[in-house]
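Biologist: Before I rely on any of the labels attached to this protein, I would like to hear the reasoning behind them. Could you show me the structure, and then let me ask about the labels in turn?

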Amino acid sequence: MRRKDREITDKQKIDEIIRGCHCCRLGFCDQGEVYIVPLNFGFVATETGGTFYFHGAKGGRKYRLLQEHPTVAFQLDREYWLTGGQAACDYACHFQSVMGTGVASIITEPEERLAALKALMDQAVAHHHASPAHLTHLERPPREPKSPAKPDSIHPMGTEWSFQPEMVAATCVFKVEIRTLSCKEHE
């Protein structure tokens, strides 16, 4: 990393940043082309790094690449905001970002598949319930969803999730075990 003054190496802070993100972008190599896809994710920290969990269709380009080229890159970011100045060069972008590489594999063991799906739901709910305090610098509020969730339709954090067996069977559940990771913050 060129800007060592912006590097974050504290594992607890890195895990906190990852847990504060709502989207993980996975990059695949596809016959000399780069294919990047934004995904919902779950994350489980380990002593050696961690594992990202994802789900998707049992078909299509992503599914094919998971099997053909399991080495992937990933990127997450949050806390983006802009400060202005008198001239263009006085502007600055503030952010927290995480990027790295890992090895992807499709999960076939039923208990691990359910644990992965639980991690996905926990991440989504935690992000939904997080305070949007970091958005106060925006001039306009974030775009409203087309079909906003009713206040009582979002489960509380810590929910014991249940999954419909036919939906689980029809879903590709996969993981990316982190091999390399770097984290950067510009305050």
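Modeller: Let us start with the hairpin, bearing in mind that this is a predicted model. Strands β1 and β2 form a hairpin with 2 residues between them, and Q31 in the turn has a positive phi of about 50°.

Biologist: How do you know that β1 and β2 are paired?

Modeller: Two strands are called paired if there are at least two bridges between them, and 7 bridges join β1 (residues 24–30) to β2 (residues 33–39), so the pairing is met, with the strands running antiparallel. One of the bridge partners is L39 in β2, which lies opposite C24 in that pairing.

Biologist: Why is C24 called buried, and C89 exposed?

Modeller: Buried means under 20% relative accessible area and exposed means over 50%. C24 has 0% relative accessibility and therefore counts as buried, whereas C89, at 78%, counts as exposed.

Biologist: How do you know that C24 is in no disulfide?

Modeller: A disulfide is a covalent bond between the sulfur atoms of two cysteines. The cut-off for the pair of sulfur atoms is 2.5 Å, and a search of the whole structure finds 0 disulfides. For C24, the nearest cysteine sulfur is that of C23, and this sulfur is 7.1 Å away, so C24 is in no disulfide.

Biologist: What makes D30 buried, and what does its side chain contact?

Modeller: D30, in strand β1, has a relative accessible area of 7%, and because this is under 20%, D30 is buried. The side chains of D30 and R64 are joined by a polar contact of 3.0 Å, which is within the cut-off of 3.5 Å. Leaving aside residues up to four places away in sequence, D30 touches R61, R64 and L65.

Biologist: What puts the buried residues of α1 on the same side of the helix?

Modeller: In α1 (residues 11–19), I14, D15, I17 and I18 are buried. They cover an arc of only 160° around the axis, and that is why they lie on the same side of α1.

Biologist: Which residues have the most contacts inside the largest nonpolar core?

Modeller: That core has 27 residues, and those with the most contacts inside it are L26, F41, F52, F54 and L76. Several elements, including α1, β1 and β2, each supply at least two residues of this core, and β7 gives the most, with 5 residues. A second, separate core of 8 residues includes I107, L117, V168 and V173.

Methods: Residues are numbered from 1 along each chain as its sequence is written. This is a predicted model: local features need pLDDT of at least 70, side-chain atom pairs count only at pLDDT 80 or more; totals for chains, interfaces and linings use all residues. Side-chain values use heavy atoms; hydrogens and water are left out. Buried means under 20% relative accessible area, exposed over 50%, partly exposed in between (1.4 Å probe, protein chains only). Helices (H or I, at least four residues) and strands (E, at least two) are DSSP runs, numbered from the N terminus. The arc is that of the directions from the helix axis to the C-beta atoms. A polar contact is a pair of N or O atoms within 3.5 Å; within protein, one must be able to donate a hydrogen and the other to accept it, and residues adjacent in sequence count only if both atoms are side-chain atoms. Contact means heavy atoms within 4.5 Å. A nonpolar core is a set of buried Ala, Val, Leu, Ile, Met, Phe, Trp, Tyr and Cys residues joined through side-chain atoms within 4.5 Å.
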